[in-house]
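Got the viewer open? Here's a short walk through the model, one selection at a time.

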Amino acid sequence: MASCVSDTTRTLGCRDSAAATHLKLISLSVIFFTSIIGISSPVVLARYFQGKPVYDKAILIIKCFAAGVILSTSLVHVLPDAFNALSDCHVASRHPWKDFPFAGLVTLVGALLALFVDLTASSHVEHSHKPSGDYLPVVTEDEPVGKKVGNNLSNEELVKLKQKLVSQVLEIGIIFHSVIIGVTMGMSQNQCTIRPLVAALAFHQIFEGMGLGGCIAQAGFSMGTVAYMCFMFSVTTPMGIMLGMIVFSVTGYDDSNPNALIMEGLLGSLSSGILIYMALVDLIAVDFFHNKLMGSQTWLKKASFIALVLGSTSMSILALWA
């Protein structure tokens, strides 16, 4: 309780609503433009390499970097923030929050929810395109022709559908995370916290955008869908900041309010569970254990692993500031 009082005293010394509002208005444009740069970079690179011999290899390496970013985001950024929110002295002194590790439980729920969505969507795709029994693998002397699995869909097309599903679920998890960051910053009146957070979040959005953009680039969406997904990622955190400012002006709640901390902790835990599942199961496991390119070329496997480590390291270093 003594530490809680000392933290409150330190926070009061940094409270300045006018300065905090000014910093938040600056952050809206900074975060928006850095988000666009981050998420569009892998998409532009993929378009550049498209049709070239190295296209598949370039996309694979970009996606492995993206997987490292997403995994680090979930384990180094989102999950610790959720635990901190629910273990804050204003929350942990209450029932039932002091009696049970809710952050871990909700993270588990998030992972199971992602698995359920994955299984349901995959099952729906498979049942919608059942093989009719009339199609067999066809191989010519020049090249193999994709095996039909029903309704004029080849195995490759089903893989594309799966990649699109992964990208969409991944964006949902990241949007949860981005909204939480934005609302928390928007509700804060602590200029000492906001000032370094603006620069840190700018880099955070660049790397997180690269992670999501790498998955979008491989999924083969139409240009309109790619633009929409990039736009939604870019505006989510600024919209969260504006929502947080509105919540503070209407309710007077700031980021240290117990109810705000509970909501931040629960949503953060749910987002973390989704991102952990997506990174490990749908990104890393698929590429390293079920990708023919990985198995055929040892140097590509090494390059992909290095890209994975670089993505994880880059995002982890940012935890020093945000």
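Start by selecting Cys 64. This cysteine is buried, with a relative accessible area of just 1%. Keep in mind as you look around that this is a predicted model.

Now, which cysteine has the sulfur closest to that of Cys 64? Select Cys 215: the two sulfurs are 10.0 Å apart, too far for a bond. A disulfide is a covalent bond between the sulfur atoms of two cysteines. For a pair to count as one here, the sulfurs have to be within 2.5 Å, so Cys 64 doesn't make the cut with a partner 10.0 Å away. Next, click on Cys 230, which is buried too, at 12% relative accessible area. And if you're wondering how many disulfides turn up in a search of the whole structure, the count is zero.

Go back to Cys 64 and step one place down the sequence to Lys 63. Select Asp 287 along with Lys 63, and show both side chains: they meet in a salt bridge, 3.6 Å from N to O. The pair ties together distant parts of the chain, with Asp 287 in helix H9 (residues 258–289) and Lys 63 in helix H3 (residues 55–86), 224 residues apart. Are these two partners buried or exposed? Asp 287 is buried, at 2% relative accessible area, and Lys 63 is buried as well, at 5%. Enjoy this salt bridge while you're here, since the structure holds one.

Next stop: a loop. Select Arg 15, which sits between helix H1 (2–14) and helix H2 (17–49). With 34% relative accessibility, Arg 15 counts as partly exposed. Now add Gln 191 to the selection. Arg 15 and Gln 191 are 176 residues apart in sequence, yet their C-alphas are 6.3 Å apart in space. What does Arg 15 touch, leaving aside its neighbours within four places in sequence? Light up Gln 189, Phe 248 and Asp 254: Arg 15 is in contact with these residues.

Last, head out to the surface. Select Phe 100, Leu 105, Leu 108, Val 109, Leu 112, Leu 115 and Leu 119, and switch to a surface view. Together they form a nonpolar patch with about 620 Å² of accessible area. Zoom in on one of them, Leu 108, which lies in helix H5 (residues 102–128). Leu 108 is partly exposed, with a relative accessible area of 48%.

Notes:
Residues are numbered from 1 along each chain as its sequence is written. This is a predicted model: local features need pLDDT of at least 70, side-chain atom pairs count only at pLDDT 80 or more; totals for chains, interfaces and linings use all residues. Side-chain values use heavy atoms; hydrogens and water are left out. Patches are made of residues with over 30% relative accessible area and no salt bridge: like charges are joined within 9 Å, nonpolar side chains (Val, Leu, Ile, Met, Phe, Trp, Tyr) within 5 Å. Accessible areas come from the Shrake-Rupley method with a 1.4 Å probe; for residues, only the protein chains shown count as cover. A salt bridge is a side-chain nitrogen of Lys or Arg within 4 Å of a carboxyl oxygen of Asp or Glu. Helices (H or I, at least four residues) and strands (E, at least two) are DSSP runs, numbered from the N terminus. Buried means under 20% relative accessible area, exposed over 50%, partly exposed in between (1.4 Å probe, protein chains only). Contact means heavy atoms within 4.5 Å.
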